[in-house]
Amino acid sequence: MIIKQVRVSQQAKDQLSRLKGKTGIKNWNVLCRWALCYSLSEKTLPTDIQIVADSNLEMSWFTFGGEYYEIYEALVKAWCIRMNLPTDDETVSKYFRLNLERGIAHLCGTGFIKSLDDLVKLAIKR
């Protein structure tokens, strides 16, 4: 398990709230999965910043990943390998959080996502 609890910054929570309204996706964990996968598809490292997990949006790792939690962990580890990073627990956890926050920011900041269809089209383009 990458981490026990997933908590995002207040800014990310606000961005997820806007995405919920635009897409109609009601569950935080589903949007977070989209955001993580979107960020992992990028060919660059996310900016190594201190993430202040100051929101009240918190879920367990098992809630985040659902029945496929092991796949999400494997995706993050594979991404670390592709980026020539170690796959120790600390590094994987760090880059999970960084990718999650980056993915949320990118999905909200693209201006392209105005509906669920736009989110699906974005996934197909990748």
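Two residues are in contact, or touch, when heavy atoms of one lie within 4.5 Å of heavy atoms of the other. Keep that in mind as we walk through this predicted model, starting with a single residue.

Asn29 lies in helix 2. Leaving out residues up to four places away in sequence, Asn29 touches Met59, Thr63 and Phe64. Is Asn29 buried or exposed? Its relative accessibility is 13%, and because buried means under 20%, Asn29 counts as buried.

Let us stay with helix 2 for a moment. Its 13 residues reach 18 Å from the first C-alpha to the last, close to the 18 Å expected at 1.5 Å a residue. Asn29 has company on the inside: the buried residues of helix 2 also include Leu31, Cys32, Arg33, Ala35 and Leu36, and further along the helix Tyr38, Ser39 and Leu40 are buried as well.

Leu31 makes a good second stop in helix 2. With a relative accessibility of 1%, Leu31 counts as buried. Which residues does Leu31 meet, leaving aside its neighbours within four places in sequence? Leu31 is in contact with Leu16, Leu19, Lys20, Thr23 and Ile25. For a sense of distance, Leu31 and Lys94 are 63 residues apart in sequence, and their C-alpha atoms are 19 Å apart in space.

Now for the wider interior. In soluble globular proteins, nonpolar side chains tend to be buried together. Here the largest nonpolar core has 35 residues. Val6, Trp61, Phe64, Phe96, Leu100, Ile104 and Leu107 are those with the most contacts inside this core. At least two residues of the core come from each of helix 1 (10-23), helix 2, helix 3, helix 4, helix 5 and helix 6 (116-125). Which helix gives the most to the core? Helix 5 does, with eight residues.

Ile104, one of those with the most contacts in the core, shows what such a place looks like. Not counting neighbours within four places in sequence, Ile104 is in contact with Val8, Ala12, Gln15, Leu16, Leu19, Cys32 and Ala35. Leu16 and Leu19 are familiar names, being contacts of Leu31 too, while Cys32 and Ala35 are among the buried residues of helix 2.

Next comes helix 4. Its 14 residues, 69-82, should span 20 Å at 1.5 Å a residue, and the C-alpha atoms at its ends are 20 Å apart, which agrees. The buried residues of this helix are Tyr72, Glu73, Val76, Trp79 and Cys80. Looking down the axis of helix 4, you find its buried residues within an arc of 120°, so they line one face of the helix. Helix 2 (28-40), helix 3 (61-65) and helix 5 (89-109) are among what covers them. Turned away from that buried side, another face of helix 4 carries the exposed residues Glu70, Ile81 and Arg82.

Tyr69 is also found in helix 4. At 26% relative accessibility, Tyr69 counts as partly exposed. Not counting residues up to four places away in sequence, Tyr69 touches Trp61 and Phe62. The C-alpha atoms of Tyr69 and Ile51 are 22 Å apart, with the two positions 18 residues apart in sequence numbering.

What follows helix 4? Asn84 lies in the loop between helix 4 and helix 5. The phi angle of Asn84 is near 60°, a positive value in a residue other than glycine. Asn84 is exposed, with a relative accessible area of 69%.

Finally, let us look at the empty spaces. Rolling a probe the size of a water molecule over the atoms shows where empty space is left. The largest pocket holds about 270 Å³ of space. Its lining has 16 residues, of which Ile49, Ile51, Glu101, Arg102 and Ala105 lie nearest its centre. Helix 1 and helix 5 are the elements that give two or more residues to this lining, and helix 5 has the largest share, five residues.

How many cavities of 30 Å³ or more does the structure hold? There is one. About 40 Å³ of space lies in the largest cavity, and the residues that line it are Arg7, Val8, Ile51, Phe96, Arg97, Leu100 and Glu101. Helix 5 gives the most to this lining too, with four residues. Two of the names link back to the core, where Phe96 and Leu100 are among those with the most contacts.

Terms used:
Residues numbered from 1 in each chain as written. Predicted model: local features only at pLDDT ≥ 70, side-chain atom pairs only at ≥ 80, totals over all residues. Heavy atoms only, no water. Expected span 1.5 Å × (residues − 1). Buried < 20%, exposed > 50% of the residue type's maximum accessible area, 1.4 Å probe, protein only. Arc of directions from axis to C-beta. Core = buried A, V, L, I, M, F, W, Y, C linked by side-chain atoms within 4.5 Å. 1 Å grid on protein atoms, 1.4 Å probe; cavity = no way out; pocket = protein on both sides within 12 Å on 5 of 7 lines; lining within 4 Å. Points joined across faces, edges and corners; volume = space filled by probe spheres on them.
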